[in-house]
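Student: Hey, got a minute to go through this one with me? I'd like to start with the pockets and then get to the ligand.

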Amino acid sequence: MPKSADVVIIGAGIVGSSIAFHLTEAGCKNVLLIERETRQGLGSTGKSMGGVRAQFATDANIRMSLYSIPIFAQFEEITGCPSGYKPHGYLFMATNDWHMNYLRKNSARQKSLGLKKVELLSRDDIRRVLPQLRADDIVGGSFCPTDGFVDPNSVMTGFTTRALDRGAELWRGTEVTGIYADHGAVSGVHTTKGAVSARVVVNAAGPWAASVARTAGVELPVEPLRRMLVPTEPFPGLPERLPMIIDMTSGWHFRQEGLGLLMAWAHPGEQPGFRTDFDPAYLEKNLTHAAERVPAFANLAVNPRRCWAGLYEMSPDHHAILGPSPEIRGLFFANGFSGHGVMHSPATGRILADLILRGRTDVIDPDELNVQRFAEGRSIEETAVL
Ligand SMILES: Cc1cc2nc3c(=O)[nH]c(=O)nc-3n(C[C@H](O)[C@H](O)[C@H](O)COP(=O)(O)OP(=O)(O)OC[C@H]3O[C@@H](n4cnc5c(N)ncnc54)[C@H](O)[C@@H]3O)c2cc1C
């Protein structure tokens with residue numbers, strides 16, 4: 001008998017796993033997750049910085065976070081696996097009035113959508129968070145204590161484990177090589193283990209989403225973009241609960257990782273592509289930004305062999321692309337997270353399950369994030385991208 005499933009999900013990273021979890025939670029049992037690699041987490045999920053925040057500039061992203069963060073907080077009760085959620089907060093620091101006004105406007109919007117605990121900070125407040133900071137040019141900032149970090153691999157495992165407990169199936173080491181459509185409707189997929197028939201197929205292929213969509217003859221505007229991270233050796237004297245600290249002037253940001261730091265910065269010259277080698281010049285840039293903002297960080301030690309790079313999956317307006325394809329009935333997208341796929345994975349799973357099973361969702365306005373927005377000139381630019 002050829003294999004058949006009610007829903008096939010292509011890609012078992014954190015997003016595909018969350019969709020499988022939410023579908024099975026809603027009673028849809030015959031779900032097949034297909035992963036090309038022999039184990040999960042080898043795509044972007046395993047490379048992530050694990051940051052979660054609701055401090056965004058647009059309603060869609062704020063709502064996605066407002067749905068997701070409480071799930072991370074209760075993750076162990078929900079799935080039996082820890083999420084590693086550490087609510088240490090995100091602290092955005094402004095060094096000019098334009099940035100401060102931007103934070104003021106964003107925090108008003110965040111509050112109006114229900115993010116009660118976000119607050120604006122003065123320079124002195126910020127000094128208290130990290131006394132070693134050079135704060136002479138800081139005009140203020142914004143802080144939200146429910147922002148923080150999670151362990152992406154553990155979240156992915158929790159979603160997958162519960163989905164499998166409820167009847168979903170996971171094929172590892174299996175590549176989807178084609179999506180079949182018949183008279184404008186999905187009929188299944190072709191894989192390296194043979195054909196699978198299905199009326200619903202979800203593209204959750206992370207940075208590879210555009211090539212997966214192309215197998216169905218559909219153009220999806222998602223581009224891979226290299227992103228590098230720099231972990232440091234232990235650094236004594238850090239406060240116990242250091243938030244993610246973002247220097248808005250340079251975009252350089254860092255958080256605590258073990259006894260050291262994990263640092264990142266969006267290289268403005270980075271071009272789209274699949275390269276994931278680590279560039280030593282990037283390490284130097286990070287250390288320069290670090291020493292400029294925190295003079296004591298001039299003594300940070302870094303082992304370049306511990307640095308790594310992965311891929312963001314960029315969409316043209318830095319928002320996810322969620323929902324059905326307008327061209328092929330039964331084909332759904334959960335792509336283009338632009339660096340926010342870990343933090344938005346719970347909301348994404350719920351939205352996709354809602355749209356697949358009921359054709360509607362109340363987590364967000366689904367029209368805002370559908371793929372048609374680009375052709376129809378309705379892009380909603382997210383500017384709070386790190
Ligand atoms: C350095 C870095 C730091 C980041 N920091 C953060 C952060 O702080 N917070 C945050 O929220 N996000 C962050 N992100 C982004 C986040 O990691 C991604 O948005 C998220 O992991 C996307 O999950 P995914 O499941 O869609 O993709 P992936 O994890 O890439 O999973 C896609 C899977 O699809 C599989 N696949 C692809 N093609 C096929 C095929 N044809 N057949 C079968 N399987 C296939 C791949 O093998 C892969 O396992 C970061 C990313 C990077 C690279």
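Student: Which helix and which strand each supply at least two residues of the lining of the second largest pocket?

Tutor: Keep in mind that this is a predicted model. Those would be helix H6, residues 152-165, and strand S16, residues 253-257.

Student: OK, and how many residues come from S16?

Tutor: S16 gives 3 residues, the largest share of that lining.

Student: How many residues line the second largest pocket, and which lie nearest its centre?

Tutor: There are 19 lining residues. Nearest the centre you'll find Lys86, Val150, Asp151, Arg255 and Glu257.

Student: How do the lining residues divide into nonpolar, polar and charged?

Tutor: For the second largest pocket, 9 are polar, 6 nonpolar and 4 charged.

Student: And how much space lies in there?

Tutor: The second largest pocket holds about 340 Å³.

Student: Right, on to the ligand. Which residues come nearest to it?

Tutor: Glu35, Thr45, Gly51, Glu313 and Met343 do, out of 38 residues around the ligand.

Student: What backbone atoms lie close to ligand oxygen atoms, say for Gly341?

Tutor: Gly341 has a backbone N or O atom 2.9 Å from an oxygen atom of the ligand. With Gly50, a backbone N or O atom sits 3.4 Å from a ligand oxygen.

Student: Which residue has a polar backbone atom by a nitrogen atom of the ligand?

Tutor: That's Val176, at a distance of 2.9 Å.

Student: How much of the ligand does the protein bury?

Tutor: The protein buries 98% of the 1,000 Å² that the ligand exposes when taken alone.

Student: Which elements give two or more residues to the shell around the ligand?

Tutor: Helix H1 (14-25), strand S14 (223-231) and strand S18 (308-314). S18 gives the most, with 4 residues.

Student: How does that shell divide by residue type?

Tutor: The shell around the ligand has 17 nonpolar residues, 14 polar ones and 7 charged ones.

Student: Switching topic: where is Ala181?

Tutor: Ala181 belongs to strand S10, which covers residues 176-182.

Student: Why does Ala181 count as partly exposed?

Tutor: Because its relative accessible area is 44%, and partly exposed is the range between buried, under 20%, and exposed, over 50%.

Student: How far apart are the C-alpha atoms of Ala181 and Leu259?

Tutor: They're separated by 52 Å, and Ala181 and Leu259 are 78 residues apart along the chain.

Notes. Residues numbered from 1 in each chain as written. Predicted model: local features only at pLDDT ≥ 70, side-chain atom pairs only at ≥ 80, totals over all residues. Heavy atoms only, no water. 1 Å grid on protein atoms, 1.4 Å probe; cavity = no way out; pocket = protein on both sides within 12 Å on 5 of 7 lines; lining within 4 Å. Points joined across faces, edges and corners; volume = space filled by probe spheres on them. Nonpolar A, V, L, I, M, F, W, Y, C, P; charged D, E, K, R; others polar. Near = heavy atom within 4 Å. Polar contact = N/O pair within 3.5 Å; in protein donor to acceptor, adjacent residues only side chain to side chain. Areas by Shrake-Rupley, 256 points an atom, 1.4 Å probe, with all protein chains shown as cover. Buried < 20%, exposed > 50% of the residue type's maximum accessible area, 1.4 Å probe, protein only.
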